[in-house]
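Hello,

Here is the structure for your files. My notes on it come after it.

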Amino acid sequence: MLAEEIENAQRLVRTDAYQMSIGEIVSMYENEEVVVDPEFQRLFRWDIGQKSKLIESLLLGIPLPSIFVFERDDGTWELIDGLQRISTILEFMGRLRNPDGGLLPPSALEATKYLPSLHNAVWEVSERIQDVPTDDQSPLEKVQQLAIRRGRLGVEILKRPSDDQTKYDLFQRLNAGGTLANAQELRNCIMLMINADYFRAVKAAAEEANFRSVISVSEEQAERQRHMEMAVRFLVHTNVPYDGRLDVEEYIDEGIVQLAQAGDHAKAVLQINRTFRLLLAAAGQGALRRFQGGRHTGKVGLVGLEAIAVGVAKNIDQILALGDDGAKKFVKEKIQTFWTQPEAESSTSPGLRGTSRIQRTVPFGENWFRP
């Protein structure tokens, strides 16, 4: 059985591999033969220290890890893994484009352990470089520029017959070990790869005041994409049935791929907006928090999201049919009494596996909030 599954999965993947110079990759980027999605650059951003260490490695001749690309139907390559390495090199050279097609300002480096003279090092002197006056800029010599352009990278190519799902899976597996990317940042990129309009619509809805108030994320949590994580979990639990077999994180991953491929962003926005507007009006910022002793306490957790928010969403039309005051009164009472139910108590038990939890919370919430 396992051998058969391995053989079937291997048929989905066709790869090739090249050794290419940095100069060749830069030329392909300038000719739009390699696609580096500008929106990925906003999701994954190296600091100047990391960028400087990359250029240091090139100057010292230290080999860089291979990059992975997906061959599109038109023969161009879409960068799957290696975004920051390629973006750093392009930015340093002054060749990196912004989403509108204009050139971004080149970067100036900082000193590194082995090359302290990289302080304020630039590809060439430019008035477009921010925060470093031209008189303080230290341009690379021609021989140093050539060393970088002649540096070589392995390019692993996922060929066209490979299906789209394989591309998303490969992207996630390659990036999962990165220190800068958490699970939701990876999902954001996968959503962008599948359907940029869907990603932007969900992101806008997750940044609405009603949603942010009920989810109650701090600025630090927002930086780590906590609001997007909660929005994605909400949409997947509301729209994609769970059979209990997949790990919860894999279920969320596959669910958002499925929703993004369907591309009904208007439905996603409507579900988020209507549900969280009603939750805020009915129970305020504590809508998803435990209710005890006559008040909401504690933090917003997954039980509240999966049972209360999803439960309301699955019944939103019937609840709103009660009228404005009736809907708010119904939801408020149901939220307050929800936390006294045995199903709610058992869902918050320490050590309860996520796979078991969501098989309790989502069905119970759907029944509990049915008028």
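The notes below cover one helix, the nonpolar cores and a surface patch.

This is a predicted model, in which local features need pLDDT of at least 70 and side-chain atom pairs count only at pLDDT 80 or more, while totals for chains, interfaces and linings use all residues. Residues are numbered from 1 along each chain as its sequence is written, and side-chain values use heavy atoms, with hydrogens and water left out.

Helix H19 (helices are DSSP runs of H or I, at least four residues, and strands runs of E, at least two, numbered from the N terminus) covers residues 354-368. Its 15 residues should span 21 Å because each adds 1.5 Å, counting one less than the number of residues; the end C-alpha atoms are 20 Å apart, which agrees. Among the buried residues of H19 (under 20% relative accessible area, 1.4 Å probe, protein chains only) are Arg357, Phe364 and Trp368. Their cover includes helices H12, H13, H15, H17 and H18.

The largest nonpolar core (buried Ala, Val, Leu, Ile, Met, Phe, Trp, Tyr and Cys joined through side-chain atoms within 4.5 Å) has 62 residues, and Leu288 is one of those touching the most other members. H15 gives the most to this core, with eight residues. Apart from it lies another core of 33 residues, including Ile55 and Ile148. Leaving aside neighbours within four places in sequence, Leu288 is in contact (heavy atoms within 4.5 Å) with residues including Phe276, Ile308 and Trp339.

Isoleucine 62 lies in the loop between helix H4 and strand E3. With a relative accessible area of 42%, isoleucine 62 is partly exposed (between 20% and 50%).

Regards
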